[in-house]
Structures are given as structure tokens and as C-alpha cells.
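Me: I would like to learn how to read a structure feature by feature. Could you take me through this one?

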Amino acid sequence: MIQRITIKYFLFSTLLLVLFSCNPVVHKERTNVVLPILPQPKMVQVYDGSFALDSMTQLVFSTDEQQKIANYFNRELKKLAGFSCRIQSASKEKKSILFVQVDSLANEAYLLDIDRARITVKASSEAGYFYAVQTLLQLTPVTGKEMGQTALRFSQLSISDEPRFKWRGALLDVSRHFFGPASIKKLIDQMAAQKMNRLHLHLTDDPGWRIEIKEYPKLVEIGSLGDRTDPDGPAMYLTENEARDITAYANDRQITIVPEVDIPGHSGAVSRAYPEFSGGNNTLNIANPEAIKMMETVILRLADIFNTSYIHFGSDEVRHHNWEGRPDMKARMMELGLKDQREFEGWFDRKMADFIVQSGLNPVAWDEAFDFGVNKSTIIQWWRGEYPEVLKRAAEQGYDIILSPVDFLYLDYPSDLKEGGANWEGLHNGANSMEAIYTWNPIPKTFNDAMAAHVIGMEAGIWTEFIADEKRLEYMVYPRLAGVAEKAWTQEGNLNWDSFRQRLSVQYKRYNRDSINYRIPNLGVEERKVRQPEAFLGPIPD
């Protein structure tokens, strides 16, 4: 009798074991959960339960790319929490962060799954792993007490994510006022944290030439002297070694540097350094073959120094010049069969774009270049919001386009009309507030699918005529750059202003942690004058 009972108990227990082992654990999903992730992922599901991350957690990889990102995560985790995980090439325990190669995923896409036993990161590329890790770092609690904790808890969840646009950028003007390696790296860190991938450095303009070109030493010996505030100031520029170091730092964070040499206008610094190459009124003498040779040399050097295939050659705002009044330039126009200086400018822009393409590089230019019929491989950066027809025709003709309209994406414009900032092309939509940026529709309603496909992304402009130091720089950039990052990454259907503002409340804590001088929300004018007087530098709209 006892033997029969024992056998029945054994069979019943075995049946239960089989039943449970054949049915996976069903997670209970939590609804209405807003995670502090910027930009908002494509798909998020949050479940009951959590994963405890501590110094015993293993980072498990199988490729060099995975190991590189695992090491990056460990360094960042150490900064945030004071501990790091163990690095393993094979998992010995369940408690792990496992990197898995999934070749079917898009280049920058990733999958992130967190359960009680492990965190699984899936991607097809180094960029995908990097962005998954950025999401994981943003899920790290920001309490001010992270340092010294023995473990961090992460909600169980599943995230599927990929970007809307492939070009998610910011421009930093280091010519009007110079910002050196430390400031640039600080900006790179903030961009990387929010999955931005292009840093456009405006290296040359009338106030100063800011990059060392060894073949033409006077560009920095003379051309880099002073800035917009103090034209008689010292030399300020990036050495070649500094530029290469910044590039490596950016590339490790999946950011491509896009160097710009702004020609044939905005060439005042070149004119001071090499007067023989001046076309008058801060322009390049494009009739001088040695001037053109210099710029071709500069372009090739920039591609090498910044490890990039993208070269921005400017082409904007070539005005108030008198090329037809200069005998050498007039003679060259006649030789080329050109009727006026505008046609001469177009000839030069086409020549530069063709040279860049023939050099195996990708040309980028401001939207004025479009009207000159430059090489179709040129990426057109549309900035003149008053000329929507230029955007439309460029898309119709098959040019790839970066959106940088002044009335939404210029971060030197004020956040509030009671504050100081630029207004170069007017403030047609009022201030470039966070809400204006976030609710702007980047794709015109008149675009069909084929035209929309040529909009490859967007880029915020940080021009520095009225930004002379880092405190002012950060005030103008943050938190608006977070809004640009979300607009560039997040699918249109997932954008939600209320959710963004809720997630931004945690981002403010990250800014405090990282010593970022962001614009504090909800301050009255008088209180802001006391707490953030840098808000009122530059012209204030009437």
C-alpha cells in the first residue's frame, strides 16, 4: 500500500514538472509605465519583477565589437555606480548581460530584454550594441545615491528599437567663438547618450580659422587670431593631434565628425592669412588656381584628420562682393564663358562638389548650392526656412537632404522672446522653444513617399555669434538638444509631448549629475535674471 502511494506521488510530481517545463513563464505586463528613456524607443513592454545588477554580473560577448561595447558599458557603469561587472567570453552563471549577434536586424537597431536571470542585448552592428547600452544606462536610477550601492535594479522589460532618420546631428560653430577639445567632448557625450550620430564642426569663417593644416601654416598662425568678441585675441585652433583625438573619441561613441570649410564666402580668415587668395569682402578668389589648389588640399586633409567621408564645403551667403570689378576675376569669367559673378559662383560650387566626389568622398553643402546644379551626390542642408520651394525641388530632383530650418532647429535662437539670442532670418514662428521644436512636422504634407525618402535626417545649429563661453553654450543647447534627438530618432507615431516632458524631468537630474548648465524650466524673467543671467546675452527681440 505504501509503495503504491509512493509511486502515485512520484508520477504526479513528474507530471507537474513536465507541465511547468513545457510552458514558459508568462510575464504580467505593466501598463501606463513611462520609462526615463530619451529618445523614446519604437516599442516598449514593461513587466512585473526586476533584475539586480551588481559586481558579480557577467558581461558575456563573442565578437570584438561586442567586447568593445561591453568595456564601454563597464567604464560608464563605474562612473555612475562605483562598481563594474565581470567580463567573460562565455557565460558560467545565469546572472549576466549577454550580447547576441542577430544579422537580420537593421544597422542601428537593437533588441533589449531584461528578465530576472539576465539582460540580453541583440544587434547586428557595433552601433546597435552601443545604442542598446545607452538605453540601459538611462534605465540606471538617478537618485543622487547611486555611487556606493552594491546593486542596481532594472525592471523586467522588452524593447525593440531603431531610428527614424539616419542623420541625427548637431552643428557647433567654433569659428565665431572657439570651443576646444574639452567642450567638444562634453557635447559628444551628451549627443551619444541620446543616440545622435553626426557632429558638424563649422571650422572656418570670417572671425577665425580653427584647424591646423600643415601645408598652409599661416591659416592658424594668422587666421586663427582672435574671435568675434576680441579680434585682437590670441591664436585659437585645434591642432591636428587634438582633432584626431576628438575624432577617435567621437567614433568610439558612434558619432561621425563632419568638418566644414566654408567657401567661397565667409573667407575672411583666409584673406587675412593669405591676402593673395582674397576675392574681396571676405570671399575666396576663385579665379586664382593656387587658391583652389589650397582648398582642395584642405578638403583632403580634413577627410584624413577627421576620419570621415563627409566634407561640408559651405557655399552659403556669398554676397556683397564685387568680383566683376576685379580684373583677374572678370577675365576668368570671360575665359569660362560666364556672364556674371553668380554664374561664376555656381561654376566654383560645381567644381568643389565634383572634386569631393572624385576623391571618393561625400559632399555636403548649404541649400544655396542646390540652385547651381551641383553634383547629385551632394547632400543639401536646407536652412533657409523662407524658401520651402528649394526644399521641395531638391527632394523632387533626388538630392538627399538634411533639415536645419532656422525657425525650428537653430539653437542660437532664443527659447523665449524675452531672452537673448540670434534672429538672423527673423523669428517667423516666435521663439525656438522646446515645444515648437517637438511639435514641428519635419516632413512637409506636400511630399510624396519618394520625396520623403530623400530626407535623411536633421541637424541642430549651434552658431556662436552670441555664445562666447561654455556656460552660455550649455544654456542655449540644453534641454532643447534632447528634443531634436527625439525628433530625429523616434517614429512619428510614438512622439508624445506630455510623455516627453515627463521623461525630461529625469533628464534634468542627469544634467545636474553631469554638471550641465541647462535652461531651468518654469522660471519667471526676474528670477531667471538672478539665477541664469546668461539667458539675456545677445539681442532681445522687441
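Me: Which helix gives the most to the lining of the largest pocket?

Reply: H4 does, with 5 residues. Keep in mind as we go that this is a predicted model. To read a pocket, look at which elements supply its walls and then at its centre. Here, helix H2 (64-81), helix H3 (126-138), helix H4 (181-193) and helix H17 (497-513) each supply at least two lining residues. The space in this pocket comes to about 460 Å³. Its lining has 22 residues, and the closest to the centre are Glu76, Asp189, Ala193, Arg513 and Asp514.

Me: How should I read the cavities, and how many of 30 Å³ or more are there?

Reply: Start with the count, then move to volume and lining. There are 2 cavities of that size, and the largest has a volume of about 80 Å³. Ser183, Lys186, Leu187, Glu470, Leu473, Glu474, Val477, Tyr478 and Ile516 line the largest cavity. Two or more of the lining residues come from each of H4 and helix H15 (470-477). H15 has the largest share, 4 residues.

Me: Now for the nonpolar core. What is the general idea?

Reply: In soluble globular proteins, nonpolar side chains tend to be buried together. In this model, the largest nonpolar core has 148 residues, and Phe73, Leu172, Leu199, Trp209 and Leu481 have the most contacts inside it. Helix H8 (residues 289-305) gives the most to this core, with 9 residues. Another core, of 8 residues, lies apart from it and includes Trp366, Trp383, Val406 and Tyr413.

Me: What is Phe73 in contact with, beyond its neighbours within four places in sequence?

Reply: Phe73 is in contact with Leu53, Leu59, Cys85, Ile97, Val133, Leu136 and Leu137.

Me: How do I read a database annotation alongside the model, and where does UniProt place the "active site" feature?

Reply: Find the position in the record, then look at its surroundings in the model. The unreviewed UniProt entry places "active site" at Glu317. Glu317 sits in the loop between strand E14 (310-314) and helix H9 (327-336). Not counting residues up to four places away in sequence, Glu317 touches His266, Glu368, Trp383 and Glu425. With His266 there is also a polar contact, side chain to side chain, at 2.8 Å.

Me: Why does Glu317 count as partly exposed?

Reply: Its relative accessible area is 23%. Buried residues are under 20% and exposed ones over 50%, so Glu317 belongs in between.

Me: Which residues does UniProt give for the domain "Glycoside hydrolase family 20 catalytic"?

Reply: The unreviewed entry gives residues 165-491. To read such a span, check its ends and its secondary structure. The end C-alpha atoms of residues 165-491 lie 9 Å apart, and the span is 37% helix and 15% strand.

Me: Let me try a single residue, then. Is Ser415 buried or exposed, and why?

Reply: Ser415 is buried, because its relative accessibility is 14% and the cut-off for buried is under 20%. This serine is in the loop between helix H12 (406-409) and helix H13 (434-439).

Me: And what is Ser415 in contact with, leaving aside neighbours within four places in sequence?

Reply: The contacts of Ser415 are Ala431, Asn432, Ser433, Arg480 and Arg519. With Arg480, the side chain of Ser415 makes a polar contact of 3.2 Å to the arginine side chain.

Methods: Residues numbered from 1 in each chain as written. Predicted model: local features only at pLDDT ≥ 70, side-chain atom pairs only at ≥ 80, totals over all residues. Heavy atoms only, no water. Buried < 20%, exposed > 50% of the residue type's maximum accessible area, 1.4 Å probe, protein only. Polar contact = N/O pair within 3.5 Å; in protein donor to acceptor, adjacent residues only side chain to side chain. Contact = heavy atoms within 4.5 Å. Core = buried A, V, L, I, M, F, W, Y, C linked by side-chain atoms within 4.5 Å. UniProt positions renumbered as here; feature names shortened; annotations may be inferred. 1 Å grid on protein atoms, 1.4 Å probe; cavity = no way out; pocket = protein on both sides within 12 Å on 5 of 7 lines; lining within 4 Å. Points joined across faces, edges and corners; volume = space filled by probe spheres on them.
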